[in-house]
Amino acid sequence: MSITRACIVCEKTSFETAVTKFYHKESEFYICSQHIPILIHKPEELIGLLDGADKLQGA
């Protein structure tokens with residue numbers, strides 16, 4: 001059985017691009033290098049994709 005490691009934004013898998021694991025609220029997620037800036041600077045763009053994204057503050 002294989003675990004799908006896909007970017008929460010674009011859904012590209014680790015077979016298509018590099019993805020990085022991160023943890024939020026005791027759960028693990030993956031995000032690709034293209035979308036890491038969203039996680040850091042514009043987390044509000046993750047609303048609907050990541051529970052509690054509306055409470056995150058960008059750097």
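## Overall size and fold

For a chain of 59 residues, a compact globule would have a radius of gyration near 10 Å, and the chain has 11 Å, which agrees. The model is a predicted one. Along the principal axes, the C-alpha trace spans about 35 × 25 × 15 Å. The accessible surface comes to about 4400 Å², and 52% of that surface belongs to carbon and sulfur atoms.

The chain contains 1 helix and 2 strands, and the order of these elements from the N terminus is β-β-α. Of the 59 residues, 27% count as buried. Among contacts between residues at least 6 apart in sequence, 26% join residues at least 24 apart.

## The hairpin

Strand S1 covers residues 19-24. Strand S2 (27-32) and helix H1 (36-41) are the other elements referred to below. S1 and S2 pair in the antiparallel sense, with 6 bridges between them. The two strands form a hairpin with 2 residues between them. At the S1 end, His 24 has Ser 27 of S2 as its bridge partner.

Lys 25 lies in the loop between S1 and S2, and so does Glu 26. Most residues other than glycine have a negative phi. Lys 25, which is not glycine, has a positive phi near 50 degrees. Glu 26 likewise has a positive phi, near 65 degrees, and is a residue other than glycine. Both loop residues are open to solvent by the accessibility count: Lys 25 is exposed because its relative accessibility is 52%, and the cut-off for exposed is over 50%. Glu 26 counts as exposed at 82%.

## His 24 and its surroundings

His 24 sits in strand S1. Its relative accessible area is 15%, so the residue is buried, the limit for buried being under 20%. The side chain of His 24 reaches the backbone oxygen of Asp 51 at 2.8 Å. Leaving out residues up to four places away in sequence, His 24 touches Phe 29, Leu 50, Asp 51, Gly 52 and Leu 56.

One of these contacts, Leu 50, is found in the segment after H1. Leu 50 counts as buried because its relative accessibility is 2%. Apart from neighbours within four places in sequence, Leu 50 is in contact with Ile 8, Phe 22, His 24, Phe 29 and Leu 56. Phe 29 and Leu 56 therefore appear in the contact list of Leu 50 as well as in that of His 24. The C-alpha atom of Leu 50 is separated by 16 Å from that of Val 19, which is 31 residues away along the chain.

## Salt bridges

How many salt bridges does the structure hold? There are 3 salt bridges. In one of them the side chains of Glu 28 and Lys 21 meet, at 3.9 Å from N to O. Glu 28 is partly exposed, with a relative accessible area of 41%. Lys 21 is also partly exposed, at 39%.

Another salt bridge joins Asp 51 to Lys 25, with the closest N and O atoms 3.6 Å apart. Asp 51 lies in the segment after helix H1 and Lys 25 in the loop between S1 and S2, so this pair ties together parts that are 26 residues apart in sequence. Both Asp 51 and Lys 25 are exposed. Asp 51 thus has two partners described here: its backbone oxygen is reached by the side chain of His 24, and Asp 51 forms the salt bridge with Lys 25. A further salt bridge is between Asp 54 and Lys 55, whose closest N and O atoms are 3.7 Å apart. Asp 54 is exposed, as is Lys 55.

Methods: Residues are numbered from 1 along each chain as its sequence is written. This is a predicted model: local features need pLDDT of at least 70, side-chain atom pairs count only at pLDDT 80 or more; totals for chains, interfaces and linings use all residues. Side-chain values use heavy atoms; hydrogens and water are left out. Helices (H or I, at least four residues) and strands (E, at least two) are DSSP runs, numbered from the N terminus. Buried means under 20% relative accessible area, exposed over 50%, partly exposed in between (1.4 Å probe, protein chains only). A polar contact is a pair of N or O atoms within 3.5 Å; within protein, one must be able to donate a hydrogen and the other to accept it, and residues adjacent in sequence count only if both atoms are side-chain atoms. Contact means heavy atoms within 4.5 Å. A salt bridge is a side-chain nitrogen of Lys or Arg within 4 Å of a carboxyl oxygen of Asp or Glu. The radius of gyration is taken over C-alpha atoms; the globule rule is 2.2 Å times the number of residues to the power 0.38. Accessible areas come from the Shrake-Rupley method with a 1.4 Å probe; for residues, only the protein chains shown count as cover. Two strands pair if DSSP finds at least two bridges between them.
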